[in-house]
Every structure is written in structure tokens, then in C-alpha cells.
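This report concerns the pockets of a protein model and the ligand bound to it. The sequence and structure are shown first.

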Amino acid sequence: MREYPHVFEYPFYFKNEAQPTCHLKGRWREDFFHNANPIVLELGCGRGEYTVGLAERYPEQNFIGVDIKGARMWSGATEALNKGLKNVAFLRTSIEFIDQFFNEGEVEQIWITFPDPQMKKYTKRLTSTPFLMRYSHILVPNGIIHLKTDSPFLYTYTDALLKENHLPVEINTTDLYEDKGIEINAAAIQTYYESQWLSRGMAIKYIRFRLPANPALVEPDIEIPLDDYRSYGRTTRSGVTSRPAAKL
Ligand SMILES: C[S@@+](CC[C@H](N)C(=O)[O-])C[C@H]1O[C@@H](n2cnc3c(N)ncnc32)[C@H](O)[C@@H]1O
């Protein structure tokens, strides 16, 4: 991937070292995409199928898939190259440092697709307040965030967080493909990972909300049943009190 012109790798960071600096910070449009189109991120893009799918559907937007795992990213990066897509890039880094890579207001939308629900520790959850604060540093004011998940735990947590903080929610469904009241549009793209959950009979949850500039966010204080189809080690988690879920 080092030779790929559309992949930027910053995989390692140690607390005692300088923060990674990215030459494209604030200049993705000018110096990489060479257009003024909006930038959309997919966080935790894995194999990049969603990023590539979005780029094919929306040529008038620029898409950047972000993940820490290079081997997974390679397949999406290779596909984008083979398809000659000019509106796709990949950024290999930890999402914890996402605001090191983009200027304030440089990003229009963020997709979070099938993230690990991180039931143990809310600070690792990609929709938690620490992550939303990072996103607020790079998004345009009232920028859009999309969450697609199989996880009842992550859905319940995110829904509660949005309600607690009165964030404007545009779409909120516990069953994306069965809910006749919504237009699916870009949320219809399915990755291999998603198809695996669907084949196991899991309903896909989808939330689209907006994040205002400088939000003062608090964590929700609720009990959330743990997903029983995932492994976890303890029953009480920092940040939330949780109990084992009933069988789905
Ligand atoms: C369950 S996979 C989902 C992949 C993809 N979104 C899909 O739907 O097929 C979650 C991905 O998020 C990435 N990830 C999780 N936490 C991350 C973090 N803090 N920084 C970077 N990548 C992360 C993992 O490496 C993994 O590839």
C-alpha cells in the first residue's frame, strides 16, 4: 500500500512521541482531490467496501476510509485503484487521532459502519462523548453523522446519548430494511460484514443525526442489556451499568 497514491498511513503512535502530522490536514481538497467537493469519512472502514460503494454512487463527493488495520484496508484501496475512482482515499490511523488529520470544518459527513460496540469501556465506543467531541472539531457545524449497527447495545446507547444531549436526529430506525417509513438511499450499501449479520437474522439499526459546533455533551446514565451474541468479560462496565441481555 506504500506505493498507492491514495493511501496515507500513520499507523503507529506512542504516548511519549510527537503527534502524527499529516501534510494533507486542511488541504485534502486542494492537494489530493483537486476539487471543492464535500469530504465524507467512513470511520472503521475495514475492507473499505462502504467507502468504495459510496464513491461509486456519489461521484460529486470525496470519500476517505479510515481504519487502523492495513491488511483490511488494502482490499478496498486496491478496488478503488482498479476501478479508477478519483474521489476515494484511505487513511490508516487510530480514530482517536482523527482531529490531527483534518482542519476545523473540513469534513461534511461521517459514516460509522458496524463498529465494535465496545461494551466494556465507553471511551472506546465510536459514538461516545469523547469521540463525538473529536468529530465536532473536524465537522462543519451541524455536520451529519450516520451510524449503522447490528448491535442492540450500541444502538440503545447511542439513542440514549442523543436524547440526553438533545442532538437533532433525522432518521432513527431499529430495522432499516423493514421500516417502510424511511428512504434508505446511501444506507442501502451492504458490506460483507453486514451481510453476515443479516444472514443470522439480525435487524440493522440506523441513526442519522447532526452534531452542532462546540457541543457540551454528557454520557447517558442508563442500564443497557449487553449483546448476548458477542463475547465480553464482566457484567459491570465503566461508564454504564449493564446486565446480560435476554436471548434474541
Ligand atoms: C467490525 S469492523 C467493521 C468494518 C466495516 N465498517 C464493515 O462494515 O465491514 C470494525 C473496524 O473498525 C476498525 N476500528 C475499530 N476501532 C478503531 C479505532 N479506534 N481506530 C481505527 N480503526 C478502528 C477495526 O480495525 C475494524 O476494521
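The text below covers two pockets and then the ligand.

The model is predicted: local features need pLDDT of at least 70, side-chain atom pairs count only at pLDDT 80 or more, and totals for chains, interfaces and linings use all residues. Residues are numbered from 1 along each chain as its sequence is written, and side-chain values use heavy atoms, with hydrogens and water left out.

The largest pocket (an open set of points on a 1 Å grid where a 1.4 Å probe fits, with protein on both sides within 12 Å along at least five of seven lines) has a volume, the space filled by probe spheres set on the points, of about 820 Å³. Its lining (residues with an atom within 4 Å of a point) comprises 28 residues, and Gly44, Asp67, Arg72, Pro115 and Asp116 are the closest to the centre. At least two lining residues come from each of β2 (39-43), α2 (49-57) and α6 (192-199); helices are DSSP runs of H or I with at least four residues, strands runs of E with at least two.

The second largest pocket has a volume of about 200 Å³. Among its 17 lining residues, Tyr58, Gln109, Trp111, His146 and Ala186 lie nearest the centre. Two or more lining residues are given by each of β5 (107-113), β6 (139-149) and β8 (205-211).

The table gives the classes, with Gly counted as polar.

| Site | Nonpolar | Polar | Charged |
|---|---|---|---|
| Largest pocket, lining | 11 residues | 7 residues | 10 residues |
| Second largest pocket, lining | 11 residues | 4 residues | 2 residues |
| Ligand, shell | 5 residues | 6 residues | 5 residues |

The ligand sits in the largest pocket, as more than half of its atoms lie within 2 Å of the grid points. Around the ligand are 16 residues, of which Gly44, Asp67, Arg72, Glu96 and Thr113 come nearest; a residue counts if one of its heavy atoms lies within 4 Å.

Three polar side-chain contacts (N or O atom pairs within 3.5 Å) can be described. Oxygen atoms of the ligand lie 2.8 Å from a polar side-chain atom of Arg72 and 3.1 Å from one of Thr191. A ligand nitrogen atom is 2.9 Å from a side-chain N or O atom of Glu96. The protein covers 87% of the 600 Å² of accessible area that the ligand has on its own, by the Shrake-Rupley method with a 1.4 Å probe.

Notes:
A polar contact is a pair of N or O atoms within 3.5 Å; within protein, one must be able to donate a hydrogen and the other to accept it, and residues adjacent in sequence count only if both atoms are side-chain atoms.
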